[in-house]
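Me: I would like a close look at a single part of this model, with the reasoning behind each assignment spelled out. Please take one helix and follow what it touches.

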Amino acid sequence: MSLGAGVRGHRTSSPAAAPEVIVHAESPTFREKEKEEHKERAANSEPERPKLFGVEIRYLVLPLLTAQNASAVLLMRAVSSLPGEKEFSTQAAVIMQEVFKLLACVVILLVTEGTVNSAWNKPQEALKTAVPALLYLFQNNTQYLAASILDVATYTVSYQSKTLWTGILSVVLLGRTMMCHKWSAIAMLTAGVVLVNLSNVGKGRTEARALEEKTPAEKLMGLILINAAALASSGAGVYFEKILKGVKISLWARNLQLAFYSIIIGYIVLFSTVEHRTRVAEHGFFHGFTVATWLCVTVNAFGGLLCGAVIKYADAVSKDVSIGASIVLSTSASIFFFAYAVTTQVVVGILLVIYSVFVFSGNVKNPFEYVVSIAK
């Protein structure tokens, strides 16, 4: 009897012993098991985050967005109020920032997809973006007007009222229900905005080097304009969410559509408005454009693209931190550039607004819930 036969005989005589299954590396069972193990390892491991120059992109876009948010309001304030910087047509500036945005989106789509056809594959869906394009055009123009009246802190804080409008419009247009922490965040944000606004409407100059004294009526108009801009921005965002739900389209294709319609609508507004049409006809389209104007146009053009990059590569917490940091940064810079006088009321208002942004997104505990938990 061979050795192999002896071994087999011994195994058979022991009923408690489990039969041995020999799996060869070449067998289908082995290959299937190997594939399953590979899938399990891939599922458990974190995906590799995209990098640029060896640094994760999310760590690059966040400081860029903070700098963009802060510099945008400072530049708009400068070109809308300082002597020698007010001769340009704001409508021409808005058109140019949409041209820059369109060119940037074309380049990104060509690099990532090799074509721009994805933006126009569904003409009916693309046509729907004309509505938010009109809203964004209104927003951009009113921002320039508000920046010529309001100080940097009031402008920046008041513009955060778009969080309030987004919440309300989401309930009205999308039929959503907001949790308690979102309503409490809106209440805090409103209180913070009101505090800063009351400081602005009150007596006394807050930016002595920037502007001649504005009357209370002019300041009130500035507040109406910036809140209208925030409402337009929120309305455009909620409308986008409503009409594009379920439609597969890249962020860059969507921004390309927006920029395209914004340019068309912008030219229609330019030539249908007597003031802008006359200025362009007499002095040219780029009359009054200075270095600061071109910087302002460029910063505003790439702001929307940076927000898209943050959504794609970072998270909501990072975006909230960026918003808070930009408010502090722009207010601090206005102290140096525009002799802004910070009061306790303004500081409290700014802190309330920053904190409310975190509470609204659910990234910090709702203070009212915290008080209730202590009471229990």
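Reply: What follows is a reading of helix 4 and its surroundings, with two other helical regions added afterwards for context.

The model is a predicted one, and every value below is computed from its atoms. Helix 4 covers residues 90–112 and contains Phe100, and Leu102 is also found in helix 4.

Phe100 is a good place to begin, through its ring. Its partner is Trp294, and with the ring centres 6.2 Å apart and the planes at 20 degrees, the pair counts as stacked, because the centres fall within the 6.5 Å limit and the planes are under 30 degrees apart. Since Phe100 belongs to helix 4 and Trp294 to helix 13 (residues 291–313), this pair ties together parts that are 194 residues apart in sequence. Neither ring residue is classed as buried, because the cut-off for that is under 20% relative accessible area, whereas Phe100 has 22% and Trp294 has 30%; Phe100 is therefore partly exposed, and Trp294 is partly exposed as well.

Trp294 also forms an aromatic pair with Phe286, and this one is tilted, at 5.6 Å centre to centre with 35 degrees between the planes. Phe286 is partly exposed too, with a relative accessible area of 44%. These contacts belong to a cluster in which ring pairs link Phe88, Phe100, Tyr144, Tyr267, Phe271, Phe285, Phe286, Phe289 and Trp294. By the same ring-pair rule, the count comes to 12 aromatic pairs.

Leu102, in the same helix as Phe100, is assigned to the other side of the burial cut-off: at 18% relative accessibility it counts as buried, because the limit is under 20%. The C-alpha atoms of Leu102 and Ala301 are separated by 9.0 Å, although these two residues are 199 residues apart along the chain.

Turning from single residues to the packing of whole helices, the axes of helix 4 and helix 11 (residues 251–272) come within 8 Å and cross at roughly 155 degrees. Because angles over 145 degrees count as roughly antiparallel, helix 4 is roughly antiparallel to helix 11. The crossing in which helix 4 passes helix 11 is left-handed, and the contact between the two helices has, by class, 17 nonpolar, 4 polar and 2 charged residues.

A second pair of helices can be described in the same terms. The axes of helix 6 (residues 130–147) and helix 10 come within 8 Å and cross at roughly 160 degrees, and these two helices are therefore roughly antiparallel to each other, with a crossing that is left-handed. Helix 10 spans residues 216–243 and includes Ala228, which counts as partly exposed at 22% relative accessibility. Ala228 and Phe138 are 90 residues apart in sequence, while their C-alpha atoms are 8.9 Å apart in space.

Helix 15 completes the description. It runs over residues 344–360, and its 17 residues reach 24 Å from the first C-alpha to the last, close to the 24 Å expected at 1.5 Å a residue. Its buried residues are Val346, Gly349, Ile350, Val353, Ile354, Ser356, Val357, Phe358, Val359 and Phe360.

Terms used
Residues are numbered from 1 along each chain as its sequence is written. This is a predicted model: local features need pLDDT of at least 70, side-chain atom pairs count only at pLDDT 80 or more; totals for chains, interfaces and linings use all residues. Side-chain values use heavy atoms; hydrogens and water are left out. Helices (H or I, at least four residues) and strands (E, at least two) are DSSP runs, numbered from the N terminus. The expected span of a helix is 1.5 Å times one less than its number of residues. Buried means under 20% relative accessible area, exposed over 50%, partly exposed in between (1.4 Å probe, protein chains only). Rings of Phe, Tyr and Trp (its six-membered ring) pair if their centres lie within 6.5 Å; planes under 30 degrees apart count as stacked, over 60 as edge-to-face and the rest as tilted. Axes are lines fitted to C-alpha atoms, for helices over the stretch in contact, and angles run from 0 to 180 degrees between N-to-C directions. Angles under 35 degrees count as roughly parallel, over 145 as roughly antiparallel, 65 to 115 as roughly perpendicular and the rest as oblique. A crossing is left-handed if the near helix is turned anticlockwise from the far one by less than a right angle, and right-handed if clockwise. Ala, Val, Leu, Ile, Met, Phe, Trp, Tyr, Cys and Pro count as nonpolar, Asp, Glu, Lys and Arg as charged, and the others, Gly among them, as polar.
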